[in-house]
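The report below describes a single model, taking its sheet, its nonpolar cores and its salt bridges in turn. Please read it alongside the sequence and coordinates shown here.

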Amino acid sequence: MRIYADNAATTKMSKAAIKAMIPYMDEIYGNPSSLHGEGQKANEALTNARERIAKLLGCEPREITFTSGGSEANNQAVISAARLGERKGKKHIISTAFEHHAVLHTLEKLAKQGFEVTLLDVHENGLVSAEQVREVIREETCLVTVMYANNEIGTVQPIAEIGAICREKGVLFHTDAVQAVGHLHINVKEQNIDMLSLSAHKFHGPKGVGVLYAKKGIALTTLIEGGAQERGKRAGTENIPAIMGMAAALEEACAKIEENTVKLTALRDKLIVGLSDIPHSALNGDYEHRLPANVSFCFEGIEGESLLLLLDDKGICASSGSACTSGSLDPSHVLLAIGRVHDVAHGSLRLSLSEENTEEEIEYIIKSVKEVVEYLRGISPIWRDLISGKKDFIIK
Ligand SMILES: *Cc1c(COP(=O)(O)O)cnc(C)c1O
């Protein structure tokens, strides 16, 4: 048995998305920029996908730019706002300490180019408040970028309120909504969002395709030079199959938000209750303002990577939410941002569900995590120090 509980990393494509792609790999393979009939058919598909996606976000088709995914959309949004600000002598950017690296690394680059970046502290419940933004926003601020929902701990930020402050102050507001689109109701106009990034593979669409929504009037900076595709803002022959798959996946996800939320919240809560039984464990991030499918825990006295490998042996795909991937042993910047100390942050586990998960799977996950945590603590020198009283527990 294999149980997939890593949907924040990527999702399985839906049947509807796959079905929507096939004709554009098979019969309708023209280049949308070609003038002949085959090209025009592809171009019609592009127009059609743009209209459908715009409708679901509450914007106009021309405010949609197709990208290679969430990372590119984030890069383009932040760089565009920075370039626009620079021209007016405004070189201050506000963001948060727990953004995705596609935003954080772009901000680091801009900081080297003379931009001043204020990263808001994240409260220990994994939230930033609109008030925090108000406190640091100033005359020279050209951009506020705050993620909609965090990919590791699942906390959902007060986006409409932050957007309202930005509107009031005349500052551009971007949100990395990659974890939120298709899972929460979003309307860019009602929520005062000027720019938004999304990625298809986080809502059962294909990988390598996403969208940057930018309110009309915002001049985007071109990251990829070449042809005049995407109104000259993103060169390269459009990935029509992927774009059609994304439109189909988004329509399906949005149509099922209510139904999925009910189902997922029940599974999530069962998992949270079950894992809370483990001594010296703590849920990461606020319980109330949380994605319906996200469970994130820290278990004191263990090492997340071993936990993941042993869970994999038991057939469970999970994630630590930590950045141990590139051989670096630094714990997750997100967990550090919410005030978890290094030792505790190392013992993290993220389980991100999908509507395909079942109650039986949740029961099996709870049982398995309990066994593995107990086993790892049994062989952990840190745990020995904790129970012998040599070291104090941080999670009581
Ligand atoms: C996955 C993710 C991204 C990156 O999206 P890609 O399409 O994989 O480039 C950016 N931000 C968040 C919050 C994500 O979860």
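## Sheet, cores and salt bridges

An open sheet of 7 strands, with mixed pairing, follows the order S2-S8-S7-S6-S5-S3-S4; strands here are DSSP E runs of at least two residues, helices are H or I runs of at least four, both numbered from the N terminus, and two strands pair if DSSP finds at least two bridges between them. The model is a predicted one, in which local features need pLDDT of at least 70 and side-chain atom pairs count only at pLDDT 80 or more, whereas totals for chains, interfaces and linings use all residues. Residues are numbered from 1 along each chain as its sequence is written, and side-chain values use heavy atoms, with hydrogens and water left out.

Strands S2 (64-67) and S4 (116-120) stand at the edges with a single partner strand each, so one side of each has no neighbour in the sheet. S2 runs antiparallel to strand S8 (residues 210-214), to which 4 bridges join it, and Phe66 stands opposite Val211 in S8. Thr65, also found in strand S2, is buried at a relative accessible area of 7%, where buried means under 20%, exposed over 50% and partly exposed in between (1.4 Å probe, protein chains only). Leaving aside residues up to four places away in sequence, the contacts of Thr65 include Arg50, Gln76, Leu220 and Glu230, contact meaning heavy atoms within 4.5 Å.

The largest nonpolar core, a set of buried Ala, Val, Leu, Ile, Met, Phe, Trp, Tyr and Cys residues joined through side-chain atoms within 4.5 Å, has 65 residues, of which Val144 and Leu196 touch the most other members. Helix H8 (residues 240-255) gives the most to this core, with 9 residues.

The structure holds 25 salt bridges, each a side-chain nitrogen of Lys or Arg within 4 Å of a carboxyl oxygen of Asp or Glu; three of them are tabulated here.

| Salt bridge | N to O distance |
|---|---|
| Glu60 and Arg62 | 3.4 Å |
| Glu116 and Arg138 | 2.5 Å |
| Asp277 and Lys370 | 3.3 Å |

Asp277 lies in the loop between helix H9 (257-276) and strand S9 (281-283), and Lys370 in helix H13 (residues 359-378), so this pair ties together parts that are 93 residues apart in sequence. Asp277 is exposed, with a relative accessible area of 55%, whereas Lys370 is partly exposed, with 31%. Salt bridges that share partners also join Glu60, Arg62 and Lys216 into one network.
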